[in-house]
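Okay, thanks for coming, everyone. Let me put the structure up, and then I'll walk you through a few places in it.

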Amino acid sequence: MGAYIDHFPREAKLIRSAFYTSFIMLALGGIFGVIQTLHRTDVVRFIDSADYYTVLTAHGVFMVIAFTIFFLVGMFTWAVTTSLERPLEDMSFSWLWFLMMTVGAVITGVTILLGFVESVDVSADVLFTFYAPLQAHPLFYIGLVLFVIGTWLAGADWFRSWWAWKRENPDERIPLPTFMVLTTMIMWYIATLAIAVSILAFLLPWSLGIFDHVNPLLTRTLFWFFGHPIVYFWLMPAYMMWYLLLPKFAGGRLFSDPLARVVFILFLLLSTPVGIHHQYMDPGIAEGFKFIVMTNTMFLLLPSFLTAFTVVASIEHGARQRGGDGYFSWLKSLPWREPAFTGMALAGLMFAAGGFSGMINAGMNINYLVHNTLWVPGHFHLTVGTAVALSFMAGSYWLIPQMTGRRLASKPIALLQVVLWFVGMTFMANSMHRSGLIGIPRRTAEPQYQGFEFEAALGSVSELNAQLAIGATLLFLSLTLFLWNMLITAFNKSAESPGENVIPTPLSGPDDSPAVLDNMKLWTAIAVVLVILAYTLPLASIVSRGGLLGRGGDAFPVSIDYLALFAQVALESAAGLV
Amino acid sequence: MSSAIQEQERERELGHDEFDPIGTLALIGIYFLILASMWLFMYFVEFLGNGPTVVGMI
């Protein structure tokens with residue numbers, strides 16, 4: 001055995017390209033992240049507040065569409081080829097999907113960035129959620145469509161590998177890493193159907209001027225049909241690292257293969273029929289449907305709790321093999337000087353904290369307290385912003401040497417980087433959650449109001465803002481260190497064997513689990529039925545009330561005439577109030 | 001991190017039956033305690049003194 005690149009040089013090149021693309025997207029997203037934080041906290045304001053929404057859209061789309069998913073395709077290709085011990089079936093097909101994703105991401109990205117150029121009448125200031133009536137230039141939607149089709153083809157590529165492997169190994173259990181990829185991709189296929197309908201049937205024709213208006217609640221609901229499973233699409237590669245790599249780094253073995261399979265099946269089943277929990281505050285969806293979705297959401301905590309147990313037990317196994325003992329002192333036997341281990345362990349710890357705020361978000365009545373406040377970005381900066389992003393960065397310290405055969409440029413800086421991310425996010429998430437509790441809104445360029453002060457029960461608003469700004473600065477610094485380290489590594493002359501590309505066998509292997517767990521058709525069918533149960537009635541009710549294309553309303557951005565009209569109406573109503 | 005280093009650092013080989021994840025139980029127990037006490041705390045902060053927010057009269 002050797003490094004990944006020794007076995008699969010062609011695949012390593014593809015995976016490297018995917019990782020490097022994701023790092024470029026991360027760099028762009030990070031720049032817009034720090035600009036927006038310093039702007040909204042009024043520390044440094046060098047952009048126009050109207051451009052804040054371009055910045056916010058860029059931060060969201062570059063981070064959670066481009067960075068996460070480019071990393072995912074690299075990671076999943078690694079997992080499938082490593083665990084099936086076979087190269088991809090056809091490299092030109094693999095490069096095709098990668099190219100398609102890249103072209104799509106570039107089109108969407110450039111369309112967003114053109115929002116800064118006033119002389120060009122192209123913009124996409126629609127945020128990551130692209131809620132109608134916010135309207136983007138058609139190129140924004142076209143880029144997204146290309147990107148998503150690219151991911152579909154990538155999934156087809158991995159299924160193709162599995163089918164080819166199965167023909168040669170008809171009686172064997174699906175290797176766990178491939179199993180994780182397949183279940184995640186089935187979830188993704190189900191989820192992206194909704195966004196395909198939303199864009200192709202409604203938003204794209206609308207932005208091309210074919211329709212005058214759309215039903216905003218319908219496209220919103222279709223967005224969240226896709227928008228909740230996408231959070232698990234980000235998370236599953238991180239989970240995969242925690243299950244496959246973290247035990248290895250800790251010096252142990254995965255505690256249970258069957259439990260891991262159960263977790264991924266639960267995500268396949270429960271990720272999609274819960275999207276409406278992002279719409280607890282939306283009028284037009286009956287409380288009863290929201291209640292059903294809340295119940296599903298609470299069940300969705302189960303696979304994450306199972307993961308907490310399995311992953312911590314696997315790490316503990318490593319610690320005890322390294323001589324650790326006692327209830328807590330085994331923690332001291334872990335390899336805390338290894339950035340890949342420490343980064344992922346800290347990411348997992350932050351995810352546990354994200355679980356607390358996630359439970360608050362999930363509760364229908366408690367959600368009302370925090371909805372649309374800064375609390376919610378606080379939550380997802382713990383989950384996607386740390387559990388996912390920090391795991392990806394930490395994992396890169398092992399994966400990039402595997403893919404390049406080059407030595408990591410600096411291990412101490414890597415260690416500093418992961419700790420810095422953890423500290424920065426502690427400040428930032430603390431500030432965001434507490435700001436949300438006192439009602440400070442999210443998605444707002446200037447949350448400072450004349451004649452009104454937010455009152456913090458503990459501390460003050462300026463203290464919260466300072467924490468937010470310090471947090472963002474530390475995170476930006478950490479990001480710079482990461483990118484610098486990756487850049488030097490990519491060009492590192494010193495080639496050193498990065499260790500073997502081996503995933504340790506689990507303590508309790510696949511033979512301990514019932515064969516039905518590998519029945520992909522069964523789980524797909526159940527997942528589809530659950531989606532039909534959760535969505536048929538709400539969608540029917542939304543369409544019967546508002547029509548497929550809505551009942552009117554204007555798109556935004558609007559022309560100057562509309563702005564003047566709006567100002568006139570506002571003035572008249574203000575005069576009426578006085 | 002090469003596996004050769006891992007081999008050197010491994011003091012003993014623990015199989016499925018010898019391994020008792022008691023430390024995991026301890027950590028998850030702490031997580032549960034934090035969760036439960038925050039739940040209680042939330043009741044005092046958000047609900048005591050305020051009326052019900054979803055059902056009933058404002």
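So, to start us off: which residues of α4(A) are buried? Before I answer, keep in mind that what you're looking at is a predicted model. Right, the list for α4(A): Met91(A), Phe93(A), Ser94(A), Trp97(A), Phe98(A), Met101(A), Gly104(A), Ala105(A), Thr108(A), Gly109(A), Thr111(A) and Ile112(A). As for the helix itself, α4 of chain A runs over residues 91-113, so to speak a stretch of 23 residues. From first C-alpha to last, α4(A) reaches 32 Å, close to the 33 Å expected at 1.5 Å a residue. And what sits over those buried residues? The cover on α4(A) includes three helices of chain A, namely α2 (9-40), α3 (52-84) and α5 (138-168).

Okay, moving along chain A to helix α10, residues 287-321, which is where you'll find His317(A). Is His317(A) buried or exposed? Buried: its relative accessibility is 0%, and because the cut-off for buried is under 20%, His317(A) clearly qualifies. Now look at who touches His317(A), leaving out residues up to four places away in sequence. From chain A we have Gly252(A), Arg253(A) and Leu507(A), and from chain B there are Leu14(B) and Phe19(B).

Also in α10 of chain A is Gly288(A). Gly288(A) comes out as partly exposed, because its relative accessible area is 46%, and that category lies between 20% and 50%. If you want a distance to go with it, Gly288(A) and Ala164(A) are 46 Å apart, C-alpha to C-alpha, with their positions 124 residues apart in sequence.

His317(A) already brought chain B in, with Leu14(B) and Phe19(B) touching it, so let's do the interface. How many residues does each chain put into the contact? Chain A gives 39 residues and chain B gives 31 residues. The buried area between the two is about 3,100 Å², and 69% of that comes from carbon and sulfur atoms. Salt bridges across the interface: the rule finds 0. Polar contacts are there, though, with 11 residue pairs counted between chain B and chain A, both residues at pLDDT 80 or more.

On the chain B side, α1 (3-9) and α2 (22-47) each supply at least two of the residues that touch chain A. The largest share comes from α2(B), with 14 residues. By type, that side of chain B splits into 16 nonpolar, 8 polar and 7 charged.

That's my tour, so over to you.

Methods: Residues numbered from 1 in each chain as written. Chains lettered and ligands numbered in written order. Predicted model: local features only at pLDDT ≥ 70, side-chain atom pairs only at ≥ 80, totals over all residues. Heavy atoms only, no water. Contact = heavy atoms within 4.5 Å. Buried area = accessible area lost by both parts, 1.4 Å probe. Salt bridge = Lys/Arg side-chain N within 4 Å of Asp/Glu carboxyl O. Polar contact = N/O pair within 3.5 Å; in protein donor to acceptor, adjacent residues only side chain to side chain. Helix = DSSP H or I, 4+ residues; strand = E, 2+ residues; numbered from the N terminus. Nonpolar A, V, L, I, M, F, W, Y, C, P; charged D, E, K, R; others polar. Expected span 1.5 Å × (residues − 1). Buried < 20%, exposed > 50% of the residue type's maximum accessible area, 1.4 Å probe, protein only.
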